[in-house]
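Please look through the sequence and the model shown below before reading on. The paragraphs that follow move from one residue to the helices around it and then to the whole chain.

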Amino acid sequence: MMQGSVRAMLGVTSRAISQRRISAACRRVAPDALNARTRDILNRTNPVPYFAPYLATKELLKEYRFDKRRLPWRQTQSTQNYVAERMWPEVNQRVNYPIKRVLVSIQAKEEFDFGDAVTKFCVSWLTMYTCQDPLQQLVDSWNFHRIPGQNGCVPLENMLRSNRALKIPEELVPTTEEVVRMYEERGGNLTRDGNFGIDPLALRPDLIESRQQLFYANQPTGQIIFSSILQGYLELFEHALGFLIELTMYLTRFLEN
């Protein structure tokens with residue numbers, strides 16, 4: 001993935017940026033980190049299978065596919081997921097777990113009331129804000145890295161070469177409400193409210209915009225906050241969380257205006 005990250009930053013897929021060169025550079029610059037990575041034996045698969053009752057949209061649009069020889073969808077155990085789905089352990093290890101460790105540490109200090117609905121919202125908002133850049137970097141790294149093996153390729157190059165996606169009329173694609181109804185009619189269950197906590201400014205777009213502008217002007221970017229987390233510092237995230245909570249509560253004074 002480091003190979004893909006370097007290629008993504010440079011915007012190239014050249015073989016000149018090889019794993020061998022990257023390993024040699026890491027061996028010179030950070031030998032301990034390279035050794036730990038080499039000996040990494042974490043189980044990266046999900047041993048617990050899951051079952052989706054019905055993939056309604058894929059079934060509905062199956063006649064508009066380029067290759068109709070294959071089934072429109074396959075129900076498999078999670079241990080047999082597609083490669084892209086098996087990337088979730090990478091997402092967890094590189095993005096989710098570092099932030100989770102910070103949240104656990106902050107909660108243990110008991111300086112914030114994690115049971116408070118507004119605090120929950122602010123934790124959720126700041127977590128997503130902090131995750132955006134590293135998640136995009138992870139996606140770019142995957143798209144630009146070279147998959148080894150006889151049939152190996154660079155995912156981005158392979159997509160450009162073999163993409164046969166078809167554009168179909170919009171009226172053939174069901175709306176979100178229609179898909180939800182179809183899914184539930186076939187026995188599926190969905191969580192309707194995906195919010196975590198309560199945003200007291202939810203009904204005031206003007207105050208939400210003010211909050212964002214004030215936060216961006218007074219706090220580091222998500223990329224800087226995440227970088228500090230990787231270095232083992234939680235102060236930036238903790239300070240940003242406190243600022244966001246105080247700012248949100250301050251702006252509630254203007255709800256009646």
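Does T248 count as buried or exposed, and what is its relative accessibility? In this model, which is predicted, T248 has a relative accessibility of 0%, and because buried means under 20%, T248 counts as buried. This residue is found in helix 11. If we leave aside the neighbours within four places in sequence, T248 is in contact with V118, C122, D199, P200, L201 and R211.

One of those partners, R211, leads us to helix 9, since R211 is listed among the buried residues of that helix, together with L207 and F215. These buried residues cover an arc of only 70° around the axis, and therefore they lie on the same side of helix 9. On the other side of helix 9 we find P205 and A217, which are exposed. What, then, covers the buried residues of helix 9? The cover includes helix 6, residues 117-144, and helix 11.

The length of helix 9 can be checked with a little arithmetic. With 14 residues and 1.5 Å a residue, helix 9 should span 20 Å, and the C-alpha atoms at its ends are 20 Å apart, so the expectation and the model agree.

We can now ask how helix 9 and helix 11 are placed against each other. Two packed helices are described by the angle between their axes and by the distance between those axes. For helix 9 (residues 205-218) and helix 11 (residues 235-251), the angle is about 150° and the axes are 10 Å apart, while the crossing of the two helices is right-handed. On the side of helix 9 the contact is made by L207, R211, L214, F215 and N218, and on the side of helix 11 by A240, F243, L244, L247, T248 and L251. Sorted by character, the residues of this contact divide into 8 nonpolar, 2 polar and 1 charged.

A different kind of place is the loop between helix 5 (88-109) and helix 6, where E110 is located. Most residues other than glycine have a negative phi. E110, however, has a positive phi of about 60° although it is not a glycine. Its relative accessibility is 67%, and because exposed means over 50%, E110 counts as exposed.

Finally, we can step back to the whole protein, which contains 11 helices and 0 strands. Of its 257 residues, 28% count as buried. Which share of the contacts between residues at least 6 apart in sequence joins residues at least 24 apart? In this protein the share is 70%.

Technical notes: Residues numbered from 1 in each chain as written. Predicted model: local features only at pLDDT ≥ 70, side-chain atom pairs only at ≥ 80, totals over all residues. Heavy atoms only, no water. Axes fitted to C-alpha atoms, helices over the stretch in contact; angles between N-to-C directions. Helix = DSSP H or I, 4+ residues; strand = E, 2+ residues; numbered from the N terminus. Left-handed = near helix turned anticlockwise from the far one by under 90°. Contact = heavy atoms within 4.5 Å. Nonpolar A, V, L, I, M, F, W, Y, C, P; charged D, E, K, R; others polar. Expected span 1.5 Å × (residues − 1). Buried < 20%, exposed > 50% of the residue type's maximum accessible area, 1.4 Å probe, protein only. Arc of directions from axis to C-beta.
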